[in-house]
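Colleague: I have some labels to check against their definitions. Could you take me through them one at a time?

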Amino acid sequence: MASNSESSNDHHNMYVLSQTLHGDGSPIRSLTTIPPSPPTSSYSSTDFTTGYQLVSGSGDGLLSSHTLEVISAYGVARTSIQPGGAEGGGGVAGRHPHQIGVLLSIPYGSSTASAASGSASAAAANDSGGAAGFGKAMEGGYITGCRDGIIRIFGPDHGPIRELNGHTNQVTSLAWLELSSSSSGSGSGGGSGGPLLLVSGSWDGTARLWNVATGTCVATLDNHENGVSVVGLPPPPASNDGGADTGESS
């Protein structure tokens, strides 16, 4: 039987540096991963990261996309700096004016994307179905939080979709809050749950809940002393009395 120290060393040896990825040269402030599209239900040990994108945000307001294409002892990645261009369409700048402090990927098949409504974005202009097309443009994209207090939404092609304005200081954290199916009234959603709301925290002492599909802030939680870190908790099991259950944020 292996001793505790030997077991610890075995686990440590499972993680080795396979490659070093370089962005625009400024300090990296945030990271998120985006799975390949369409995602599969399972991966073998040899292709787990093939096709994944690692998106990083820098202190200079630049985004870098690293796509893992081959799994090997050293790995192969295709890197693109500011893949959406220096300027984006629809009045939304591609390059951030300040550091990108937080990144969050938009999951595939989520109600946040598929139940979108409101004005269509430039990124969704080529999709049919109006609101449904806007949803398709969001899936596999990501969301950034910047020092200027603005939350920006990007599609899977790295094109800007829209901005969420409301925070008056640096956005420090982002998370998804899953509502229960019963509270949404539609019974639809990503996986077995209901639609998602975006939760954001900021140095302005507030947390905000957003309907990403419409771009509206649905609630503000204020009176925090300093910067706010948020996390979305899963909804509780459906109650037997027919009441509506929702997820909670902290």
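Modeller: Start with the open sheet of 4 strands, in the order E9-E10-E11-E12 with antiparallel pairing. Keep in mind that this is a predicted model.

Colleague: How do you know that E9 and E10 pair?

Modeller: Two strands pair if there are at least two bridges between them. E9 and E10 have 7 bridges, in the antiparallel sense. Because the cut-off is at least two, 7 bridges make E9 and E10 a pair. One place to look is Val 171, which stands opposite Ser 202 in E10.

Colleague: What makes E9 and E12 the edge strands?

Modeller: Each of them pairs on one side only. Strand E12 covers 216-221. Neighbouring strands of this sheet are also turned against each other, by 25° on average with direction ignored.

Colleague: Now E6. Why is Ile 143 called buried?

Modeller: Buried means under 20% relative accessible area. Ile 143 has 0% relative accessibility, so Ile 143 counts as buried. Ile 143 lies in strand E6, residues 142-146.

Colleague: What makes E6 "mostly covered"?

Modeller: Count its residues: 5 of 5 are buried. Tyr 142, Thr 144 and Cys 146 point one way, Ile 143 and Gly 145 the other, and all are buried.

Colleague: How do you know that E6 pairs with E5 and with E7?

Modeller: Use the cut-off of at least two bridges again. E5 and E6 are joined by 5 bridges and run antiparallel. E6 and E7 have 4 bridges, also antiparallel. Thr 144 shows both pairings: Thr 144 is the bridge partner of Leu 103, and Thr 144 stands opposite Arg 152 in E7.

Colleague: What lies between E6 and E7 in their hairpin?

Modeller: There are 4 residues between them. Gly 149, in the turn, has a positive phi of about 85°.

Colleague: Why are Tyr 142 and Phe 154 called a stacked pair?

Modeller: Ring centres must lie within 6.5 Å, and planes under 30 degrees apart count as stacked. Here the centres are 5.3 Å apart and the planes 15° apart. Both values pass, so the pair is stacked. Tyr 142 lies in strand E6 and Phe 154 in strand E7, so the pair ties together parts that are 12 residues apart in sequence. Tyr 142 and Phe 154 are both buried. By this rule the count comes to 1 aromatic pair.

Colleague: Which residues have the most contacts inside the largest nonpolar core?

Modeller: They are Ile 143, Ile 151, Ile 153, Leu 174, Trp 176 and Leu 198. The core has 17 residues. E5, H3, E7, E8, E9 and E10 each supply at least two of them. The largest share, 3 residues, comes from E9. Another core, of 9 residues, lies apart from it; Val 199, Leu 209, Val 228 and Val 230 are among them.

Colleague: What is Ile 143 in contact with, beyond its neighbours within four places in sequence?

Modeller: Its contacts include Val 102, Leu 104, Ile 151, Ile 153, Leu 174, Trp 176 and Leu 198. Contact means heavy atoms within 4.5 Å. Ile 151, with the same neighbours left aside, is in contact with residues including Ile 143, Val 171, Leu 174, Leu 198 and Trp 210.

Colleague: Why would such side chains sit together?

Modeller: In soluble globular proteins, nonpolar side chains tend to be buried together.

Methods:
Residues numbered from 1 in each chain as written. Predicted model: local features only at pLDDT ≥ 70, side-chain atom pairs only at ≥ 80, totals over all residues. Heavy atoms only, no water. Core = buried A, V, L, I, M, F, W, Y, C linked by side-chain atoms within 4.5 Å. Buried < 20%, exposed > 50% of the residue type's maximum accessible area, 1.4 Å probe, protein only. Helix = DSSP H or I, 4+ residues; strand = E, 2+ residues; numbered from the N terminus. Phe/Tyr/Trp six-rings, centres within 6.5 Å; stacked < 30°, edge-to-face > 60°. Axes fitted to C-alpha atoms, helices over the stretch in contact; angles between N-to-C directions.
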